Amino acid sequence: MAAENLIVVFDFDKTIIDCDSDNWVVDELGATDLFNQLLPTMPWNSLMDMMMKELHSQGTTIEDIVDVLKRTPMHPQIVPAIQSAHSFGCDLKIVSDANLFFIETILEHLGIKHCFSEIHTNPSFVDEEGRLRILPHHDFHTSSHGCPLCPPNMCKGMVMEKMQTSIGEEGKKKMIYIGDGSGDFCPSLKLKEEDYLMPRKEFPLWELIRKNPRAIKGEIREWKDGEELQNILVQIIDKIISRDQQQNSTTNDCKLKSINNPLVVAVAGHDQFRPSSRLRISS
Ligand SMILES: [Mg+2]
Ligand SMILES: [Zn+2]
C-alpha cells in the first residue's frame, strides 16, 4: 500500500486550530454574553447563524469576521504536519461541526487549502446583505439523522460511513482519524481494525475512549499538541509505507525462491504483465 491509499481525516476545531472557531469569532467580536444567554434555548449551529445576524445588524462586516479568523490561534507544527502528510501523498479530508466559511478562510490564509480533497461541514454563505448565513450539515427540520450520539445538525459517523462506502469501491485503504471532541466519538466507532485513531489527550474524545476502551477497533495513538500530532502522524505514515514495502519485497523473494517450480514461474511471469500498484512503491 502506498501513501495515496491512506486517508487522513481531521477534525478542525481544537485539532487543526487550537481553539473552537465559533467561540473564537463570537468572543473576538464581543458577543460572548449574548451567545451564553441564548445557548440554552437553541441548537449550537442555529445559534451561530443567529449570532451572525445579530453581529451584522450591529455593523460587523464580513471583513471584520475574516480579520478575526486570520488571527485564529494555531500550534506552529500543525501546518508542517499537514504539509508532510500531503507530500507523502496521503488523501487528506476534514470532517467538522464548524462551518465552510470559517474553515476555508483559515485554510486559505495558511496556504494549505489545496492539501485537502474534501471538507465535510455545515454549509455557509454570504447573503446579498453581506450577512454570513450558517446552515446545518444535516437538515434536522426535515428529518432526524437518528444518531443519539451526535448533535442534530451533524453526525460525523454518517459522513465516515459514506467515505468508507466510496473507499470500498476504490479498493483497500486505511484511515487515520484525528480529533478531540465528543462529536468525534461516533466516527471513531466506525474505524476498522487496520485503521488508526489519534485522540487529543485529556480532551472529551480521549475521556470517552478511556470509559469505553473496547469500543474502538483501530490502533489508538494519543497526542497532546501540534508537535506530538506531527510526530505521531509521520510515524504512522512511515510505518505503513515501510511495512508495505517489506511485504512487497517478501512477495518478490517468494517468487525467486520458487523459480524451480514451472507452474509458479508461469504465474509469476504472467503477473509481470499486469500493471500493479505494488511495483510503484519500490521505485
Ligand atoms: Mg474539535
Ligand atoms: Zn453520530
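Helices (H or I, at least four residues) and strands (E, at least two) are DSSP runs, numbered from the N terminus. The model on screen is predicted.

**Whole chain**

Colour by secondary structure to begin. The protein has 12 helices and 8 strands. Of its 283 residues, 35% count as buried. Among contacts with a separation of 6 or more, 65% are between residues 24 or more positions apart.

**The sheet**

Select the strands of the open sheet, whose order is β3-β2-β1-β6-β7-β8, with parallel pairing. At its edges are β3 (116-122) and β8 (219-220), each of which pairs on one side only. Next, show residues 100-110: this is helix α6, which packs on the sheet and touches β2 (91-99) and β3. The direction of α6 makes about 130 degrees with that of β2.

Now move to β1 (residues 6-10) and β6 (residues 174-179), a parallel pair joined by 5 bridges. Pick V8 and look across to β6, where its bridge partner is I176.

**The D11, D13 and D180 site**

Select D11, D13 and D180, which UniProt lists under "binding site" in an unreviewed entry. The three span 170 residues in sequence, yet no two of their C-alpha atoms are more than 8.2 Å apart, so they gather at one spot.

Start with D11, in the loop between β1 and α1. Is D11 buried or exposed? D11 counts as buried because it has 25 C-beta neighbours inside 10 Å, and the threshold for that label is 20 or more. Leaving aside neighbours within four places in sequence, D11 is in contact with V95, S96, I178, G179, D180, G181 and D184.

Follow the contact to D180, which sits in the loop between β6 and α8 (185-189). D180 is buried as well, with 22 other C-beta atoms within 10 Å. Residues up to four places away in sequence aside, D180 touches D11, K14, T15, R200, F203, P204 and L205.

Another contact of D11 is D184, placed in the loop between β6 and α8. D184 is buried, with 31 other C-beta atoms within 10 Å. Which residues does D184 touch, not counting those up to four places away in sequence? They are D11, K156, G179 and L205. Draw a distance from D184 to K156: C-alpha to C-alpha, they are 6.9 Å apart in space and 28 residues apart in sequence.

**The D22 and D97 positions**

Clear the selection and pick D22 and D97, where UniProt places the feature "binding site", again from an unreviewed entry. These positions are spread over 76 residues of sequence but cluster in space, with a largest C-alpha distance of 9.7 Å.

D22 lies in helix α1 and is buried, with 20 other C-beta atoms within 10 Å. Beyond its neighbours within four places in sequence, D22 is in contact with M48 and A98.

D97 is found in strand β2 and is buried, with 26 other C-beta atoms within 10 Å. Its contacts, leaving aside neighbours within four places in sequence, are N122, P151, M154 and G183.

**Helix α1**

Finish by selecting residues 21-28, helix α1, in which S21, D22, W24, V25 and V26 are buried. To see what covers these buried residues, show the surrounding elements, including α2 (32-38), α3 (44-57), α4 (62-70), β2 and α6. Just after α1, stop at G30, which takes a positive phi of about 75 degrees.

Technical notes
Residues numbered from 1 in each chain as written. Chains lettered and ligands numbered in written order. Predicted model: local features only at pLDDT ≥ 70, side-chain atom pairs only at ≥ 80, totals over all residues. Pairing = 2+ DSSP bridges. Contact = placed C-beta atoms within 7 Å. Axes fitted to C-alpha atoms, helices over the stretch in contact; angles between N-to-C directions. Buried ≥ 20, exposed ≤ 12 C-beta atoms within 10 Å, placed from the backbone. UniProt positions renumbered as here; feature names shortened; annotations may be inferred.
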